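I opened my notebook to look up how some helices of this model pack, and where a few single residues sit. Here are my entries, in the order I made them.

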Amino acid sequence: NLLREFPEKMADILRTRAYVFARHGDYEQALEDRKLIFELGEGTIGDYYRAADHALSSGQFLQAATWFNDVLRMSKEQEETWFISATCFLLSYAQMELDLYQEAILNLKRAIDLESDIAMPLPSMCGICSHQQLREEIMRRQAV
């Protein structure tokens with residue numbers, strides 16, 4: 001109803017709805033709303049970061065990697081640095097899932113260089129994953 005009543009606020013309403021979908025674990029619907037925001041041409045760096053994170057949670061690793069790379073590009077263009085360490089860490093995870101181990105190691109190193117004690121929750125890893133645990137998992141998979 002809000003989307004019909006306030007079309008000029010569509011992007012903000014979609015952001016809120018995407019947030020609610022994600023909080024309820026419906027990452028597919030959250031992604032659909034983020035994509036609509038992108039189609040409107042109103043995607044922010046935060047929208048791309050959240051969309052990539054939702055894509056990770058729904059197992060869409062290639063899409064997540066694409067959007068994380070968009071975040072890194074936008075970070076540079078907009079001189080926004082607070083996304084970079086988390087983005088590199090999560091991009092590393094997505095690349096590991098895509099069997100891109102060298103790229104995963106490089107992005108993990110970049111994340112560690114920016115934040116030496118970085119750790120984040122990852123979908124298929126137990127709870128909070130430290131950079132040491134992610135590195136070990138990348139190396140284990142690469143060895144197989």
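I began just past helix α6, where D99 follows with a positive phi, near 65 degrees. I kept in mind that this is a predicted model.

**Entry: helix α6**
I then looked at α6 itself, which runs over residues 84–97. It has 14 residues, and from first C-alpha to last it reaches 20 Å, close to the 20 Å expected at 1.5 Å a residue. How many of its residues are buried? I found 13 of the 14 residues of α6 buried, so this helix is largely enclosed by the rest of the structure.

I picked T87 as a residue of α6 to follow up. Its relative accessibility is 0%, so I put T87 down as buried, the cut-off being under 20%. Setting aside neighbours within four places in sequence, I listed Y49, F68, V71 and L72 as the contacts of T87.

**Entry: helix α7**
Next I turned to α7, residues 101–114. This helix has 14 residues and spans 20 Å between its first and last C-alpha, close to the 20 Å expected at 1.5 Å a residue. Which residues of α7 are buried? I noted Y101, A104, I105, N107, L108 and A111. These buried residues pack against α6 and against α8, which covers 131–143. I reminded myself that an α-helix has 3.6 residues a turn, so residues three or four places apart point the same way.

I also checked D113, another residue of α7. Is D113 buried or exposed? At 54% relative accessibility D113 counts as exposed, since the cut-off for that class is over 50%. I looked up its separation from F61 too: the two are 52 residues apart along the chain, and their C-alpha atoms are 24 Å apart.

**Entry: α7 against α8**
For the helix pairs I wanted an angle and a distance, as two packed helices are described by the angle between their axes and the distance between the axes. The axes of α7 and α8 come within 10 Å and cross at roughly 165 degrees. I therefore wrote the two helices down as roughly antiparallel to each other, given that angles over 145 degrees fall in that class. The crossing of α7 past α8 is left-handed. From α7 the contact takes in Y101, Q102, A104, I105, L108 and I112, and from α8 it takes in H131, L134, R135, I138, M139, R141 and Q142. Sorted by class, I had eight nonpolar, three polar and two charged residues in this contact.

**Entry: α2 against α3**
I did the exercise again with α2, residues 10–23, and α3, residues 27–39. Their axes come within 8 Å, with a crossing angle of roughly 165 degrees. That makes α2 roughly antiparallel to α3. I recorded the crossing of α2 and α3 as left-handed. On the α2 side the contact is made by A11, L14, R15, R17, A18, Y19, F21 and A22, and on the α3 side by Y27, Q29, A30, D33, R34, L36 and I37. This contact of α2 with α3 divides into 10 nonpolar, one polar and four charged residues.

**Entry: the loop with G127**
Where does G127 lie? I found G127 in the loop between β1 (119–121) and β2 (128–130). With 47% relative accessibility, G127 counts as partly exposed. Leaving out neighbours within four places in sequence, G127 is in contact with M120, P121 and L122.

Definitions and conventions:
Residues numbered from 1 in each chain as written. Predicted model: local features only at pLDDT ≥ 70, side-chain atom pairs only at ≥ 80, totals over all residues. Heavy atoms only, no water. Axes fitted to C-alpha atoms, helices over the stretch in contact; angles between N-to-C directions. Helix = DSSP H or I, 4+ residues; strand = E, 2+ residues; numbered from the N terminus. Parallel < 35°, antiparallel > 145°, perpendicular 65-115°, else oblique. Left-handed = near helix turned anticlockwise from the far one by under 90°. Contact = heavy atoms within 4.5 Å. Nonpolar A, V, L, I, M, F, W, Y, C, P; charged D, E, K, R; others polar. Expected span 1.5 Å × (residues − 1). Buried < 20%, exposed > 50% of the residue type's maximum accessible area, 1.4 Å probe, protein only.
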